[in-house]
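Please open the model in your viewer and keep the sequence panel beside it. The tour below proceeds by selections, and each stop says what to pick and what is found there.

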Amino acid sequence: MVVKRSWARAACAHPALSGVSRQHLGELIEEIAPRWAAARESVLGDRRGGSRLRAAGAGRKQKLVFTDRLLVTLVHLRLGLPHAALAELYDVDRSTVSGAVREVRALLAARGFAVPDRPGLRLRTLEDLFAYAEAEGVDLRTDGTEVQVRRPRAGRPGRKAFISGKKRQNTVKTTTFSDGQGRTLLSGIVRPGRMHDQTAVRTEGIAEQFHRHPTVKAEADEGCRGLAKDPDQVSAPPKKLKNDAPQGDKRAWREARRRQSSARICVEHTNAEYKQWRPLQRYTGRREDYAETHLAITGLASDRSARRATRRRTSTELLPFRQTTS
């Protein structure tokens, strides 16, 4: 039994299974373990109805220590392995793994998003994001993405709300914000697939944040054209010209569209990083748990992207050298 669990721990700790480096895993253990212990002690205190009667550590030992609970959660988020398969690997009951995933996933989702060049600072809300962008002069990139989910049962209310008009499938949409290097700053705003991006911009408070922070600039896609009423603040692809437009105008339109797409493509790469995690390729769990799963995975992805060095522009411009004749 001991040999098998030590082998399972070594296998799940491999970056190919957990999705994080060993250094990152150690940092997660150091960060989350105290929170998990405090939450567990609170639950046990409510169950007892009072303070401890025995010293800490007494009584029945846990079948999965916190390190193993974190590992099974990471493997489940990375590869989408069923709880029953992970339970067989650790030789425990499936309910033990399910409880571990629920506990640790909530802690991962509550961590927020790492900020480049600011160790220890994390963004959790739209207000945090726009305050950071205004203070640091960061130009945002925003884009939406869709993940296919299971179809609701027949007869359930709101069944058609998840049918996407673009993919014609049952999906859940989210909005991602990144900086100019494609590093995650915030990802979330979960909504049914039928809701248009422009509707989410109004109802989720994104447009309001741009009004409150007029110095924050952003690059948006076609779905958020309503934000581009002030082109100096939010840039969106130029509107398509009519078929009888002059050729010169069409070439200028294509060039302007290419430039805007080139400035915004980095956030598409950010969304592509999330698709390396199996649940964000096609989510097969319960839809009410998707938001928590999405926050947990994107928060882990932000830890890795925040480590990428910031590319800075040179402080002086290069001028052409012209040799003078005496």
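Which residue in β4 is the bridge partner of threonine 142? Select threonine 142 and look across to β4, where the partner is phenylalanine 177. Bear in mind throughout that this is a predicted model.

**The sheet**

Now widen the selection to the sheet, an open one in which 5 strands follow the order β5-β4-β3-β6-β7 with mixed pairing. Its edge strands are β5 (184-192) and β7 (234-235), each of which pairs on one side only. Strands in a sheet are paired by backbone hydrogen bonds, in either a parallel or an antiparallel manner.

Begin with β3, residues 140-148, where 7 of the 9 residues are buried, so that the strand is largely enclosed by the rest of the structure. Towards β4 (residues 171-178), β3 runs antiparallel and is joined by 8 bridges; towards β6 (residues 218-219), β3 runs parallel and is joined by 2 bridges. To see the parallel pairing, select leucine 140, whose bridge partner in β6 is alanine 218.

Move next to β4 and β5, which pair in the antiparallel sense over 6 bridges. Serine 178 stands opposite threonine 184 of β5, and if you also select valine 172, you will find that its bridge partner in β5 is proline 192. These two strands form a hairpin with 5 residues between them, and in the turn glycine 182 has a positive phi of about 80°. Although β5 is an edge strand, it is mostly covered, with 7 of its 9 residues buried.

**Helices on the sheet**

Keep the sheet displayed and add helix α11 (290-305), which packs on the sheet and touches β3, β4 and β5, its direction making about 165° with that of β5. Helix α11 also belongs to what covers the buried residues of α6, together with elements that include α3 (22-48), α4 (66-79) and α5 (83-90).

**Helix α6 and its cover**

Select α6 itself, residues 94-109, a helix of 16 residues that reaches 22 Å from its first C-alpha to its last, close to the 22 Å expected at 1.5 Å a residue. Among the buried residues of α6 are Val97, Val101, Val104, Leu107 and Leu108, along with Arg105.

From here go to α4, where the end C-alpha atoms of the 14 residues are 20 Å apart, which agrees with the 20 Å they should span at 1.5 Å a residue. Helix α4 is largely enclosed by the rest of the structure, because 11 of its 14 residues are buried; these include Phe66, Leu70 and Leu74, and also Asp68, Arg69 and His76. Just after α4, glycine 80 takes a positive phi of about 70°.

**Two nonpolar cores**

With α4 and α6 still in view, show side chains for the largest nonpolar core, which has 40 residues and in which Leu25, Leu28, Leu70, Leu74, Tyr90 and Leu108 touch the most other members. The elements that give two or more residues to this core are α1 (2-12), α3, α4, α5, α6 and α11. A second, separate core has 24 residues and includes Val138, Leu186, Ile206 and Ala220.

Return to leucine 74 and display its surroundings: leaving aside residues up to four places away in sequence, leucine 74 touches Leu17, Ser18, Val20, Leu25, Leu28, Leu108, Trp277 and Leu300.

**Cysteines and a loop**

How many disulfides does the structure hold? There are 0, and two cysteines can be selected to inspect their settings: cysteine 12 counts as buried because its relative accessibility is 2%, and cysteine 266, at a relative accessible area of 10%, is buried as well.

For the last stop, select aspartate 117, which lies in the loop between β1 (113-114) and β2 (122-123). Is aspartate 117 buried or partly exposed? Its relative accessible area is 40%, and aspartate 117 is therefore partly exposed. Add alanine 309 to the selection, and the C-alpha atoms of the two residues are found 8.1 Å apart in space, although aspartate 117 and alanine 309 are 192 residues apart in sequence.

Definitions and conventions: Residues numbered from 1 in each chain as written. Heavy atoms only, no water. Helix = DSSP H or I, 4+ residues; strand = E, 2+ residues; numbered from the N terminus. Expected span 1.5 Å × (residues − 1). Buried < 20%, exposed > 50% of the residue type's maximum accessible area, 1.4 Å probe, protein only. Contact = heavy atoms within 4.5 Å. Disulfide = S-S within 2.5 Å. Pairing = 2+ DSSP bridges. Core = buried A, V, L, I, M, F, W, Y, C linked by side-chain atoms within 4.5 Å. Axes fitted to C-alpha atoms, helices over the stretch in contact; angles between N-to-C directions.
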